[in-house]
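Student: I should like a close look at a single part of this model. Please describe how that part is packed against its surroundings.

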Amino acid sequence: MELTTLREEARDLLDETVALRRTLHRWPELGNDLPITKENVLGALEGLPLQITEHSTTSGIAAVLEGGKPGPTVLLRGDMDALPLHEDTDLEFESATEGQMHACGHDTHTAMLVGAAKLLSARKADIPGRVLFMFQPGEEGFAGAKFMLEEGLLDVGNRSDGSESPVTGAYALHITANLPAGWIASRANTIMASADTMHITVTGRGGHASQPHLALDPIPIACEIVQALQLMVTRTIDVFDPGVVTVGQITAGTTNNIIPETASIVGTIRAVSERTRSKIHDGIRRVAEGVGAAHDASVHVEFRDGYPVTVNNPGSAEFALDVAKEIVGEQGTVRLPNPIMGAEDFSYVLNRIPGAMLFLGGTSPDRNPATAAPNHSNRVVFDENAMVNGIAVYGAMALRHLTGSPS
Ligand SMILES: [Zn+2]
Ligand SMILES: [Zn+2]
């Protein structure tokens, strides 16, 4: 299969993809309930030969394209939600909803996935298997992917001819404002970190600040815990399988002459493997409770689990980078040396199905990728021309995965 023609077909879809992207950009929505976005996506998919399932627990949409020949199912993911911040881009299509903005480029993902659905629908007869288009809400901290999985996203059943067609691969693109437009970057194994929150409460006994021996002061104990956590990380975590513990908030007391009863410590935990993630959790609990016990205070440790580590199947990542190289060229295909320390809920999909997540460059040629406003910035701007490669790479990964002919 000639992948260069795919890129030309993607280029023909650019105008309508840009139009959809701008509509989505103008009406950003947050979390798992995205009624306007959903309506726009369903409208854009109208007329395509897709079996569409509207999810009920979220605004998620699962659309299946059944090819003319038997074969497995491949999943392509595009997320649809925006972020809670005021937009300062001055774009003519900037957000019309105060305090909400598509600052992570999910509007481009959704528009590109619709483009890929059009591209692949035109080749329906020749496709050996099925393509499952996953339009998910709630990526920005609301675990939309997890909800869609729980609602049976992967229970796709058999094809209409009765043949089995399990989901055997899953791919996602994420645009980034800090890579030249149209480039593709990824890596085998871990691509993004886990992100959990810790809440530690130290409970002593309140009293008069002049008589600490009659009270049990939780403040120096909390300070000791913060120091001990840093020691725990540097002395017990393998530097080649790293983790980060950052205390971002300490709260205690009301004034100078009172010993408060409690002190609280709140922080974030990042890791690039599940092994280090659980080792850090165990370490935090051990150190915090141990320091508390040394001073006779009681310590309560609570973790709020965020997204797991996002791990690309090594074979899938190499396959996807090879496919991308045919579309964007050798120079525009980047093998990332390190994971990115942000987190992604596509991790839940990759924990179930072998696959890969790839970054798509979105920095326009007149900007410097190193200094351009990044994703999540109120000033981030993405080059819409990058969507041509995005549509083509989505389409090519699906076709190549199903035809089983990795280049
Ligand atoms: Zn984001
Ligand atoms: Zn994002």
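**The N-terminal helices and the core**

Tutor: In this predicted model, the cover over the buried residues of helix 1 includes helix 4 (106-121), helix 8 (314-328) and helix 10. Helix 1 itself spans residues 3-12, and its buried residues are Leu-6, Arg-7 and Ala-10. These residues lie on the same side of helix 1, because they cover an arc of only 100 degrees around the axis. Thr-4, Thr-5 and Glu-8, on the other side of helix 1, are exposed.

Helix 2 (residues 14-26) can be read in a similar manner. Its 13 residues reach 18 Å from the first C-alpha to the last, close to the 18 Å expected at 1.5 Å a residue. Thr-17, Leu-20, Arg-21, Leu-24 and His-25 are the buried residues of helix 2. They cover an arc of only 140 degrees around the axis, and therefore sit on the same side of helix 2. Among the elements that cover them are helix 3 (35-45), helix 4 and helix 10.

The wider setting is the nonpolar core. The largest such core has 118 residues, and those with the most contacts inside it are Leu-76, Ile-225, Ala-320, Leu-358, Ile-391, Val-393 and Tyr-394. Helix 10 (residues 386-403) gives the most to this core, with 12 residues. At least three residues of the core come from each of domain 1 (3-190 + 309-403) and domain 2 (194-304). Leaving aside residues up to four places away in sequence, Ala-320 touches Tyr-171, Ser-186, Ala-356, Leu-358 and Met-397.

Notes: Residues are numbered from 1 along each chain as its sequence is written. Chains are lettered from A and ligands numbered from 1 in the order in which they are written. This is a predicted model: local features need pLDDT of at least 70, side-chain atom pairs count only at pLDDT 80 or more; totals for chains, interfaces and linings use all residues. A nonpolar core is a set of buried Ala, Val, Leu, Ile, Met, Phe, Trp, Tyr and Cys residues joined through C-beta atoms within 7 Å. A residue is buried if 20 or more other C-beta atoms lie within 10 Å of its own, exposed if 12 or fewer, and partly exposed in between; C-beta atoms are placed from the backbone. Helices (H or I, at least four residues) and strands (E, at least two) are DSSP runs, numbered from the N terminus. Domain bounds come from an automatic or database domain assignment. Two residues are in contact if their C-beta atoms, placed from the backbone, lie within 7 Å. The arc is that of the directions from the helix axis to the C-beta atoms. The expected span of a helix is 1.5 Å times one less than its number of residues.
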